[in-house]
Amino acid sequence: MNALTLQWHDAGQDKTQNIYEQQPSQNLGTVRIGRDPLRCDIVLSHPTVSGLHVEIFFHHQQQRFYIRNLRSQNPPIVDGSPLVQGEMPLTEGSSIFLGQIKLNVTRVSTGSIPATILPPPHPPVNIGHHQYSPTPPAPPPGVYGLECPKCHKVCPGENLQIGCHWCGTSLAAAVSVLVGGG
């Protein structure tokens, strides 16, 4: 699962926010940051931050997180350079100034294994009187699970932070489903 962790200090509090590859947000595929709560997913209160300042997104072809400037008059400073237009890749240790607020990229985890190179599923193996299956079990009937938005297989709810067992997709945008009858 691809994720980026931001840390900053705003309104007297230290804050941390994880941004996931398929983060549910107001604008699909991006996380917008600024002062306006109606347009932004991460809201900063400092008056030097623009209403809609930047957005962070995961670029699937590059397999990296990027930041995009949305404000020409008040550009963000990324790793010491003004991002007047366009976008820049973010790495662990990157610093982002939005006005007088500094956001630090404290962690970037990328490189989930694409489903195309996973080995094909194997049938269960009988060892003695026990049957072992190399694929993870589905949640037991009558409980809630998470339906993967990519392969539509159901994973246990505790996989929210881990990702789909079968294809590695983030479950942040997964639909909660009732498995079987209960």
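Author: Buried means under 20% relative accessible area, exposed means over 50%, and partly exposed lies in between (1.4 Å probe, protein chains only). This is a predicted model: local features need pLDDT of at least 70, side-chain atom pairs count only at pLDDT 80 or more, and totals for chains, interfaces and linings use all residues. Residues are numbered from 1 along each chain as its sequence is written, and side-chain values use heavy atoms, with hydrogens and water left out.

Reader: How many strands does the chain have?

Author: Helices (H or I, at least four residues) and strands (E, at least two) are DSSP runs, numbered from the N terminus. The chain has 0 helices. Its strands number 16.

Reader: What share of the chain do buried residues make up?

Author: The chain has 182 residues. Of these, the buried part is 35%.

Reader: In what order do the 6 strands of the open sheet stand?

Author: Two strands pair if DSSP finds at least two bridges between them. Here the pairing is antiparallel. β2 (13–20) and β8 (81–82) stand at the edges with a single partner strand each, so one side of each has no neighbour in the sheet. The order is β2-β1-β11-β10-β7-β8.

Reader: Over how many bridges do β1 and β11 pair?

Author: Strand β1 covers residues 3–10 and pairs with β11 in the antiparallel sense. Leucine 6 has valine 105 of β11 as its bridge partner. The number of bridges between β1 and β11 is 6.

Reader: Which residue in the turn between β10 and β11 has a positive phi?

Author: β10 (residues 95–98) and β11 (residues 101–109) pair in the antiparallel sense over 4 bridges. Isoleucine 96 is bridged to leucine 103, and phenylalanine 97 to lysine 102. The two strands form a hairpin with 2 residues between them. The residue with a positive phi, about 60°, is glycine 99.

Reader: Which aromatic pair is stacked?

Author: Rings of Phe, Tyr and Trp (its six-membered ring) pair if their centres lie within 6.5 Å; planes under 30 degrees apart count as stacked, over 60 as edge-to-face and the rest as tilted. A search of the whole structure finds 2 aromatic pairs. One has 5.9 Å centre to centre and 20° between the planes, and is stacked: phenylalanine 57 and tyrosine 66.

Reader: What is the angle between the planes of phenylalanine 58 and phenylalanine 65?

Author: Phenylalanine 58 is buried because its relative accessible area is 6%. Phenylalanine 65 is buried too, at 1%. Their rings form an edge-to-face pair, 5.0 Å centre to centre. The angle between the planes is 65°.

Reader: Is glutamate 21 buried or exposed?

Author: Glutamate 21 sits in the loop between β2 and β3 (30–34). Leaving out residues up to four places away in sequence, it touches Asn2, Phe58, His60 and Phe65, where contact means heavy atoms within 4.5 Å. Its relative accessible area is 13%, so glutamate 21 is buried.

Reader: Which side chain is joined to glutamate 21 by a polar contact of 2.7 Å?

Author: A polar contact is a pair of N or O atoms within 3.5 Å; within protein, one must be able to donate a hydrogen and the other to accept it, and residues adjacent in sequence count only if both atoms are side-chain atoms. The side chain of glutamate 21 makes one such contact, of 3.3 Å, with that of histidine 60. The contact of 2.7 Å is with the side chain of asparagine 2.

Reader: How far apart in space are cysteine 151 and threonine 169?

Author: Cysteine 151 lies in the loop between β14 (143–147) and β15 (154–156). With a relative accessible area of 28%, it is partly exposed. Threonine 169 is 18 residues away in sequence. From C-alpha to C-alpha, the two are apart by 8.5 Å.
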